[in-house]
Amino acid sequence: LEKQFLEEGITLLPEETETADFVVQGFDTTYEYKKMEAVCRLVSEGVPFLATNIDRVCPMKDGKFIPDCGSMCKMVTHATGIEPKFVGKPFKETVDFILDKTGTAPERTAMVGDRLYTDIKTAVNGGICGICVLSGEVTYEEIVESDVKPDYILDSVKDIYLELIR
């Protein structure tokens, strides 16, 4: 995220900065107390609070999870009382942006993911196909119990390819 900001000419400020145009929270494996303190201070002082995604956890290769952006934001919100403006998944504007940028029709577009509350909800909100893979966070039982329903359920991303070559 930092690299992308720098490539677009966005200036990143140190934790000691007195003010900023925006505070942007993303997934950050280097999140430490100094960063959290700076975010809370700036947000409390009225700097607009943006966040990249609502994901609660990030799945790791060993089957365990670590806190993701949504959990980091909950901590800031709990401390400040201020909710971030989330951009990205699961909001319709994300799909609208992708369709506009690619020129692709909604009926020819799919969102693949392993989370109902972000990936599949993005597909539902954006009116595109939702393909849920069971190789990450969600289980089949959770899909059955949820009101967010994918169009397709597959064991893994590899199975998408196998279905396409049938």
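Which residue follows H3, and what is the sign of its phi? The model examined here is predicted, so that local features were considered at pLDDT of at least 70 and side-chain atom pairs at pLDDT 80 or more, whereas totals for chains, interfaces and linings use all residues. Residues are numbered from 1 along each chain as its sequence is written, and side-chain values use heavy atoms, with hydrogens and water left out.

Helices and strands are DSSP runs (H or I of at least four residues for helices, E of at least two for strands), numbered from the N terminus. An open sheet is formed by 3 strands in the order S1-S2-S5, with parallel pairing, where two strands pair if DSSP finds at least two bridges between them. Strand S1 (23-25) and strand S5 (85-86) are its edge strands, each pairing on one side only. Between S1 and strand S2 (residues 49-51) the parallel pairing extends over 3 bridges, and Val 24 is placed opposite Leu 50 of S2.

Two helices lie across these strands. Helix H2 (residues 33-44) lies across S1 and S2 and runs at about 135° to S1, while helix H3 (residues 69-80) lies across S1, S2 and S5 and runs at about 160° to S2; the axes are lines fitted to C-alpha atoms, for helices over the stretch in contact (heavy atoms within 4.5 Å), and angles run from 0 to 180 degrees between N-to-C directions.

The buried residues of H3 (under 20% relative accessible area with a 1.4 Å probe, protein chains only; exposed means over 50%, and partly exposed lies in between) are Cys 69, Gly 70, Met 72, Cys 73, Val 76, Thr 77 and Thr 80. Seen down the helix axis, they fall within an arc of 155°, taken from the directions to the C-beta atoms, so they line one face of H3. These buried residues pack against S1, H2, S2, strand S4 (65-67) and S5, whereas Lys 74, His 78 and Ala 79 are exposed on the other side of the helix. H3 is followed by Gly 81, whose phi is positive, near 80°.

The largest nonpolar core (buried Ala, Val, Leu, Ile, Met, Phe, Trp, Tyr and Cys residues joined through side-chain atoms within 4.5 Å) has 16 residues, and those with the most contacts inside it include Val 23, Phe 49 and Cys 73. Its largest share, 5 residues, comes from H2. Apart from this core lies another, of 6 residues, among them Leu 116 and Val 138.
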